[in-house]
Amino acid sequence: MSRIDFGRPTVLLHNRGRSLSVRLDVRSILVTIPLLLAALTVAVVSLTTGDFEVTVPQVLQAFTGDAPGLAQTIVMEWRLPRVLSALVFGAALGMSGGIFQSMTRNPLGSPDIIGFNTGAYTGALIVMLTLGTGYLGIAVGALVGGILTALAVYLLAYRRGSQGFRLIIVGIGISAMLAAFNHWLILQAELEAALAAAVWGAGSLNGITWEQAAPAAVVVVVVALATLAVARRMQLLEMGDDAARALGVRAEPTRLLLLVLGVALTAAVTAVAGPIAFVALAAPQLARRLSRSAGITLVPSAVMGAFLLVASDLAAQRLFAPIQLPVGVVTVCIGGIYLVWLLAREAGKS
């Protein structure tokens with residue numbers, strides 16, 4: 001059965017045995033669907049534009065394997081891995097940002113502000129410069145670096161529980177230290193390795209292949225599903241630890257689980273594309289303002305992240321064509337403007 005709760009339009013779906021209950025916010029759905037369509041539209045434009053233009057019918061033919069030889073190769077082997085990576089990685093960053101902004105109850109609480117992106121970059125950088133291994137090794141390094149950074153921030157900020165503002169301040173300090181360490185690592189490396197690490201560190205989807213995109217996409221999907229499974233507990237934590245405990249949620253274990261899931265989403269992206277800044281910061285808040293929700297909602301945040309990254313990557317490819325910019329350069333420009341606006345807005349409230 002279903003019912004609509006008045007006040008804020010909500011649909012509650014459940015079966016008669018009460019073993020399944022899903023609450024759907026109508027406004028969030030009405031925001032998510034156009035955002036998803038916009039992201040897919042930009043994705044199609046990305047598939048059709050470039051030095052070799054491909055028509056939309058040819059793109060559809062490529063999906064069925066019937067496109068002319070060169071168009072088939074361009075769409076399926078060259079462009080599609082990059083476009084799908086932009087969509088999946090943007091969704092991962094948007095969801096990760098939503099997790100940490102919900103945990104800290106602060107719009108500045110995103111992994112690129114509080115150091116988890118930098119920690120994942122440190123772990124991946126150490127593996128790249130010492131072992132020079134492939135995606136799996138870099139992914140493990142990024143995950144370990146991100147989790148160790150998150151645990152360090154969590155423990156240093158812990159005082160009879162973890163307060164959001166303290167997490168942000170400690171995270172900013174840890175991020176600055178790790179950034180300096182990363183620069184030192186690059187300066188000590190061989191020239192060729194240092195140049196590759198520096199370009200990768202800007203956050204780039206240039207030249208991404210199925211061998212890199214497919215494993216990362218699988219990791220993101222698995223972690224995203226696990227995150228959605230605990231999304232209800234995350235929303236209860238936004239009410240405060242005491243209220244969450246009264247409703248049967250163990251606050252600190254749940255917070256630690258969310259921390260690991262959020263870092264895993266960030267690390268999966270960093271291992272392939274490097275640290276892409278500001279998508280995790282902006283996506284949850286933009287989605288929240290469009291849906292006018294009281295708290296962070298993960299699915300709209302993920303879809304907004306996918307739209308921001310695929311649009312930024314299209315701009316990175318076409319603004320100065322034939323030169324292709326790292327997508328991180330575009331997201332930094334957009335995110336910097338957003339951050340200035342956000343800080344001004346928060347200052348106006350105080």
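**Helix packing and buried residues in a predicted model**

The chain I am presenting has 14 helices and three strands, where helices (H or I, at least four residues) and strands (E, at least two) are DSSP runs numbered from the N terminus. Please keep in mind that this is a predicted model, in which local features need pLDDT of at least 70 and side-chain atom pairs count only at pLDDT 80 or more, while totals for chains, interfaces and linings use all residues. Residues are numbered from 1 along each chain as its sequence is written, and side-chain values use heavy atoms, with hydrogens and water left out.

Of the 350 residues in the chain, 51% are buried, buried meaning under 20% relative accessible area, exposed over 50%, and partly exposed in between, with a 1.4 Å probe and protein chains only. If we take contacts, meaning heavy atoms within 4.5 Å, between residues at least 6 apart in sequence, 69% of them join residues at least 24 apart.

Let me turn to the interior. The largest nonpolar core (a set of buried Ala, Val, Leu, Ile, Met, Phe, Trp, Tyr and Cys residues joined through side-chain atoms within 4.5 Å) has 84 residues, of which Phe89, Phe116, Ile276 and Val310 touch the most other members. Helix H3, residues 69-104, gives the most to this core, with 15 residues. A second, separate core has 15 residues, including Ala277, Phe278, Met304 and Leu339. Setting aside residues up to four places away in sequence, Phe116 touches Phe100, Pro111, Gly146, Thr149, Ala150, Val153, Leu259 and Val263.

Ser96 also lies in H3, and it is buried, with a relative accessible area of 0%. Its C-alpha atom is separated by 8.6 Å from that of Ala264, although the two residues are 168 apart along the chain. Beyond residues up to four places away in sequence, Ser96 touches Pro111, Gly262, Leu265 and Thr266.

Now to two helix pairs. The axes of H1 (residues 26-48) and H13 (residues 298-318) come within 9 Å and cross at roughly 25 degrees, the axes being lines fitted to C-alpha atoms, for helices over the stretch in contact, and angles running from 0 to 180 degrees between N-to-C directions. That makes H1 roughly parallel to H13, since angles under 35 degrees count as roughly parallel, over 145 as roughly antiparallel, 65 to 115 as roughly perpendicular and the rest as oblique. The residues of this contact divide into 16 nonpolar, three polar and no charged, with Ala, Val, Leu, Ile, Met, Phe, Trp, Tyr, Cys and Pro counted as nonpolar, Asp, Glu, Lys and Arg as charged, and the others, Gly among them, as polar.

H8 (residues 210-229) and H11 (residues 251-273) pack at an angle of about 170 degrees with their axes 9 Å apart, and are therefore roughly antiparallel to each other. Among the residues making this contact are Gln212 and Val219 of H8, and Leu261 and Ala264 of H11.

I will close with backbone geometry. Most residues other than glycine have a negative phi. Which residue in the loop between H3 and helix H4 (116-130) should we look at? Arg105 sits there, with a positive phi near 55 degrees, and it is partly exposed at 46% relative accessible area. Phe278, in the loop between H11 and helix H12 (279-291), has a positive phi near 80 degrees, but Phe278 is buried, with a relative accessible area of 16%.
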